[in-house]
Amino acid sequence: MAAFTAGQIVIVLCRDALPKEPNKLRAAIVVEDERLFDAAYPNVILAPLTEDARLAIPDLSVVIEPTPQNGCTKRCYALSHCVSATSAAGVRPTASSVTRDQLLAIRRQIALAIGVD
């Protein structure tokens, strides 16, 4: 099982995504605290990335501008309100990551979306 780190950008094979896009590869950000889970834990908690600004709710999305560190080629949005646990078997790690401040903003938005003050 691959080890994932918080803030890492990964590639996910989306099988059950809506709208239906079978076997589509998508980028996402690891938002879990890796210290909480054993390396053998079968899932990883992710916030998806999209280039589609129409999907980004301003108070629940973080703008990710392209940088060498994140490897993005255009502006993306981390959709904090779409956080999910995904099987680690379908997740491919990359060497790219978001900044610590961006990760913290995503986590704050997740807490807001689920009603944690």
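## Close-up views of the predicted model

**View 1. Thr 99 is partly exposed, with a relative accessible area of 31%.** The model shown here and in the views below is predicted. Thr 99 counts as partly exposed because its value falls between the 20% and 50% limits. Thr 99 sits in the loop that runs between β7 (91–97) and α1. Asn 70 is 29 residues away from Thr 99 along the chain. The C-alpha atoms of this pair are 8.2 Å apart.

**View 2. Gln 102 is a buried residue of helix α1.** The helix spans residues 100–113. The relative accessible area of Gln 102 is 16%. That is under the 20% limit, so Gln 102 counts as buried. Which residues does Gln 102 contact, leaving aside neighbours within four places in sequence? They are Val 62, Val 63 and Ile 64. Strand β4 covers residues 61–64.

**View 3. The largest nonpolar core holds 15 residues.** Six of its members touch the most other members: Ile 29, Val 31, Leu 49, Ile 64, Ala 78 and Ile 106. Two or more residues come from each of β3, β4 (61–64), β5 (76–79) and α1. Which element gives the most to this core? It is α1, with 4 residues. In soluble globular proteins, nonpolar side chains tend to be buried together.

**View 4. Ile 29 has contacts in several stretches of the sequence.** Residues up to four places away in sequence are not counted here. Ile 29 touches Gly 7, Gln 8 and Ile 9. It also touches Ile 45, Leu 46, Ala 47 and Leu 49. Ala 78, Val 98 and Ile 106 complete the list for Ile 29. A second core, separate from the largest one, has 10 residues. Cys 14, Ala 28, Val 44 and Val 91 are among them.

**View 5. The second largest pocket encloses about 250 Å³ of space.** How many residues line this pocket? There are 14. Ala 27, Leu 49, Glu 51, Cys 72 and Cys 76 lie nearest the centre of the pocket. At least two lining residues come from each of β1 (8–14), β3 (43–50) and β7. By class, the lining has 6 nonpolar, 6 polar and 2 charged residues. Leu 49 appears in this lining and is also a member of the largest nonpolar core.

**View 6. Glu 51 and Lys 74 form a salt bridge between two loops.** The side chains meet at 3.6 Å, N to O. Glu 51 belongs to the loop between β3 and β4, and Lys 74 to the loop between β4 and β5, so the pair ties together parts that are 23 residues apart in sequence. Glu 51 is partly exposed, at 46% relative accessible area. Lys 74 is partly exposed too, at 44%. Glu 51 also helps to line the second largest pocket.

**View 7. Two further salt bridges are Asp 33 with Arg 35 and Asp 52 with Arg 54.** The whole structure has 4 salt bridges. Asp 33 and Arg 35 meet through their side chains at 2.7 Å, N to O. Is Arg 35 buried or exposed? Arg 35 is exposed, at 73% relative accessibility. In the other pair, the closest N and O atoms of Asp 52 and Arg 54 are 2.8 Å apart. Asp 52 is partly exposed, with a relative accessible area of 23%. Its partner Arg 54 counts as exposed, at 75%.

**View 8. Arg 92 is a partly exposed residue of strand β7.** Its relative accessible area is 49%. That value is not over 50%, so Arg 92 does not count as exposed. Arg 92 touches Val 10 and Ile 11, with residues up to four places away in sequence not counted. Leu 103 lies 11 residues from Arg 92 along the chain. Their C-alpha atoms are separated by 19 Å.

**View 9. Ala 88 is buried in the loop between β6 (84–87) and β7.** Its relative accessible area is 6%. Ile 45 is 43 residues from Ala 88 in sequence. In space, Ala 88 and Ile 45 are 9.0 Å apart, C-alpha to C-alpha. Ile 45 is also one of the residues that Ile 29 touches.

Notes: Residues are numbered from 1 along each chain as its sequence is written. This is a predicted model: local features need pLDDT of at least 70, side-chain atom pairs count only at pLDDT 80 or more; totals for chains, interfaces and linings use all residues. Side-chain values use heavy atoms; hydrogens and water are left out. Buried means under 20% relative accessible area, exposed over 50%, partly exposed in between (1.4 Å probe, protein chains only). Contact means heavy atoms within 4.5 Å. On a 1 Å grid over the protein atoms alone, a cavity is a set of points where a 1.4 Å probe fits but cannot get out, and a pocket is an open set with protein on both sides within 12 Å along at least five of seven lines; lining residues have an atom within 4 Å of a point. Grid points are joined across faces, edges and corners, and a volume is the space filled by probe spheres set on the points. Ala, Val, Leu, Ile, Met, Phe, Trp, Tyr, Cys and Pro count as nonpolar, Asp, Glu, Lys and Arg as charged, and the others, Gly among them, as polar. A nonpolar core is a set of buried Ala, Val, Leu, Ile, Met, Phe, Trp, Tyr and Cys residues joined through side-chain atoms within 4.5 Å.
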